Amino acid sequence: MPVPQDIDSQAAGRKLLAGHRELRAQLAELRGALDGVEGSGVGIGGGGGAAFVEQLRTRCLEYCLGLHHHHTMEDSAFPVFEQRYPEIAPVIERLREEHRQVAAGLERLGKLVAADDGQDVAWLKEELERTVAGLEEHFRYEETYLLPALGVVVPPAA
């Protein structure tokens with residue numbers, strides 16, 4: 001497949017980095033919301049907790065969908081990057097494998113969320129943490145090895 005000549009690798013890399021920032025912010029919000037519910041006793045048999053847990057479930061699924069979309073976009077750009085920068089082919093192959101692992105985790109989480117009765121959020125937090133345990137490492141790997149190859153300077157973590 002020929003490499004499209006109109007793709008700006010730096011712009012694609014900056015978009016990828018912006019996506020990482022957004023996904024990190026969404027994950028922090030989701031974790032905060034889960035911490036708030038867990039600490040309040042809502043959803044552990046407390047009145048009105050099921051509606052709030054349903055909102056949290058929705059946020060969790062929205063996060064999973066956003067992450068899936070992000071990885072789908074990356075996967076579609078990888079062949080272009082491999083052709084332009086063959087020296088990073090091993091990096092891209094590792095990223096593809098990590099995307100498959102994350103997708104499997106998201107699928108498991110989605111099934112668990114859909115099947116839960118909304119009475120306890122501790123399990124949701126535990127499953128979310130298990131599912132995304134390697135996600136930050138994945139982002140750092142991309143930012144360390146892929147983005148510089150695309151000509152993108154990654155600012156230091158705050």
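In which helix is the place of L30? In this predicted model, L30 lies in helix α1, and with a relative accessibility of 1% it counts as buried. The protein chain contains 5 helices and 0 strands, so that its elements, read from the N terminus, follow the order α-α-α-α-α, where each helix is a DSSP run of at least four residues. The points below take up the chain, its nonpolar cores, helix α4, two residues of helix α2 and the aromatic side chains.

**The chain as a whole**

- Of the 158 residues in the protein chain, 37% are buried.
- Among contacts in the protein chain with a separation of 6 or more, 82% are between residues that stand 24 or more positions apart.
- The protein chain has an accessible surface of about 8,600 Å², and carbon and sulfur atoms account for 58% of that surface.

**The nonpolar cores**

- The largest nonpolar core has 18 residues, and those that touch the most other members are C60, Y63, L67, L109, L124, L128 and L135.
- Two or more residues of this core come from each of α1 (9-40), α2 (49-84), α3 (89-115), α4 (122-131) and α5 (135-146).
- When neighbours within four places in sequence are set aside, the contacts of C60 are with L30, L109, V113, L124 and L128.
- A second core, separate from the one just described, has 14 residues, including L17, V91, L150 and V152.
- L30 and L128, both of which are in contact with C60, are separated by 98 residues in sequence, while their C-alpha atoms are 9.5 Å apart in space.

**Helix α4**

- The buried residues in α4 are W123, L124, E127, L128 and T131.
- Because these buried residues fall within an arc of 130 degrees when α4 is seen down its axis, they line one face of the helix.
- Two of them, L124 and L128, are also among the residues that touch the most other members of the largest nonpolar core.

**R57 and T58 in helix α2**

- R57 is found in helix α2, where its relative accessible area of 8% makes R57 a buried residue.
- T58 also has its place in helix α2, but T58 is partly exposed, with a relative accessible area of 36%.
- Measured against A114 in sequence, R57 is 57 residues away, and the C-alpha to C-alpha distance between R57 and A114 is 8.3 Å.
- For T58 and A114 the separation in sequence is 56 residues, and the C-alpha to C-alpha distance is 9.7 Å.

**Aromatic side chains and a charge over a ring**

- A search of the whole structure returns 1 aromatic pair.
- The pair is formed by Y141 and Y145, whose ring centres are 4.7 Å apart and whose planes make an angle of 45 degrees, an arrangement that is classed as tilted.
- Y141 and Y145 are separated by about one helical turn, because they are 4 residues apart in helix α5.
- The two tyrosines differ in their exposure, since Y141 is buried at a relative accessible area of 14%, whereas Y145 is partly exposed at a relative accessibility of 45%.
- The ring of Y141 also has the charged end of R94 sitting over it, at a distance of 3.7 Å from the ring centre.

Key: Residues numbered from 1 in each chain as written. Predicted model: local features only at pLDDT ≥ 70, side-chain atom pairs only at ≥ 80, totals over all residues. Heavy atoms only, no water. Core = buried A, V, L, I, M, F, W, Y, C linked by side-chain atoms within 4.5 Å. Buried < 20%, exposed > 50% of the residue type's maximum accessible area, 1.4 Å probe, protein only. Contact = heavy atoms within 4.5 Å. Phe/Tyr/Trp six-rings, centres within 6.5 Å; stacked < 30°, edge-to-face > 60°. Lys NZ or Arg CZ within 6 Å of the ring centre and 35° of its normal. Areas by Shrake-Rupley, 256 points an atom, 1.4 Å probe, with all protein chains shown as cover. Arc of directions from axis to C-beta.
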